[in-house]
Amino acid sequence: MLLDPVQYLLGSLSGGIVGLTLGLFAGGGSILAVPLMVYLVGVADPHVAIGTSAVAVAANAAVNLATHARRGNVRWSCALIYSAAGIAGAFAGSLAGKALDGGRLLFLFALLMLGVGALMILSRHRKERANVACTVQNAPRTMGYGAVTGALAGSFGIGGGFLIVPGLVAATGMPVLSAIGSSLVAVTAFGLTTSLSYAVSGLVDWPLAAIFVLGGAAGGLLGAVVAGRLARRRGALNLSFAVLVMAVGVYTAIRSGLAL
């Protein structure tokens, strides 16, 4: 069912907000997509919001992946191992998400947001090594992280970059910049898997997805410019974003909890 013009305008604005946060914080912004679609745009079915969000997430990740690949920030062997395990998790997660009641799914999503916000705060000081590779020794650990984050991404229509980046660092010790670039392979793969699963079930609003992606592209450009000017305040910005994610999580928990 098509939305009205005002809702599509709000969809573009929501995409811009997500793109802006992605440009500012190099990840995590997609977790705001579903709450924005439900509570700002007014998408009535949470499952449609999740399916549409997954399309937008995959498209935005693919564009950003091309940029990081050109700059040599992608560790392809690690990214492909992580993604291969995660695709199976994303498919299983998408089936589980569609089977759950929409209100319960939103409430679980809110709990995830609270956990992610806490994770962002706790993982501000990561240890990293300059030269890493995926080996026989760390491949099982890499695949384990991939399967878990893929399942979460598939269940809630999120990119999962906020989980994939620390997962790659924890599994391999790679630098954060390499983890960000490599994570986009997985985000693209998980988003495509989830969106295809939801699309087959007729749970994607394609016009809204297109408008959301266009708004996200514009917001991303602005975010990248602002991020460059506020580089010295990155720690404070990341902390502020973590608090924002937790605040939206609390709001979503209250709204969805009252509807149960």
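**Exercise 1.** Thr188 lies in helix α8 (residues 176-200), where helices are DSSP runs of H or I with at least four residues, numbered from the N terminus. Determine whether Thr188 is buried or exposed, and which residues Thr188 contacts beyond its neighbours within four places in sequence.

*Solution.* The model is predicted: local features need pLDDT of at least 70, side-chain atom pairs count only at pLDDT 80 or more, and totals for chains, interfaces and linings use all residues. Residues are numbered from 1 along each chain as its sequence is written, and side-chain values use heavy atoms, without hydrogens and water.

Step 1. Thr188 has a relative accessibility of 13% and therefore counts as buried (under 20% relative accessible area; exposed is over 50%, partly exposed in between; 1.4 Å probe, protein chains only).

Step 2. Its side chain reaches the backbone oxygen of Leu184 at 2.8 Å.

Step 3. With neighbours within four places in sequence set aside, Thr188 is in contact (heavy atoms within 4.5 Å) with Ala58, Ala61, Ala62 and Leu65.

**Exercise 2.** Describe how helix α4 (residues 76-99) and helix α6 (residues 139-156) pack.

*Solution.* Step 1. Two packed helices are described by the angle between their axes and the distance between the axes. For α4 and α6 the angle is about 35° and the axes are 6 Å apart; axes are lines fitted to C-alpha atoms over the stretch in contact, and angles run from 0 to 180 degrees between N-to-C directions.

Step 2. The contact includes Gly86, Gly89 and Gly93 of α4 and Gly146, Gly150 and Gly154 of α6.

**Exercise 3.** State how many helices and strands the chain has.

*Solution.* The chain has 10 helices and 0 strands. Of its 260 residues, 52% count as buried.

Key
Helices (H or I, at least four residues) and strands (E, at least two) are DSSP runs, numbered from the N terminus. A polar contact is a pair of N or O atoms within 3.5 Å; within protein, one must be able to donate a hydrogen and the other to accept it, and residues adjacent in sequence count only if both atoms are side-chain atoms.
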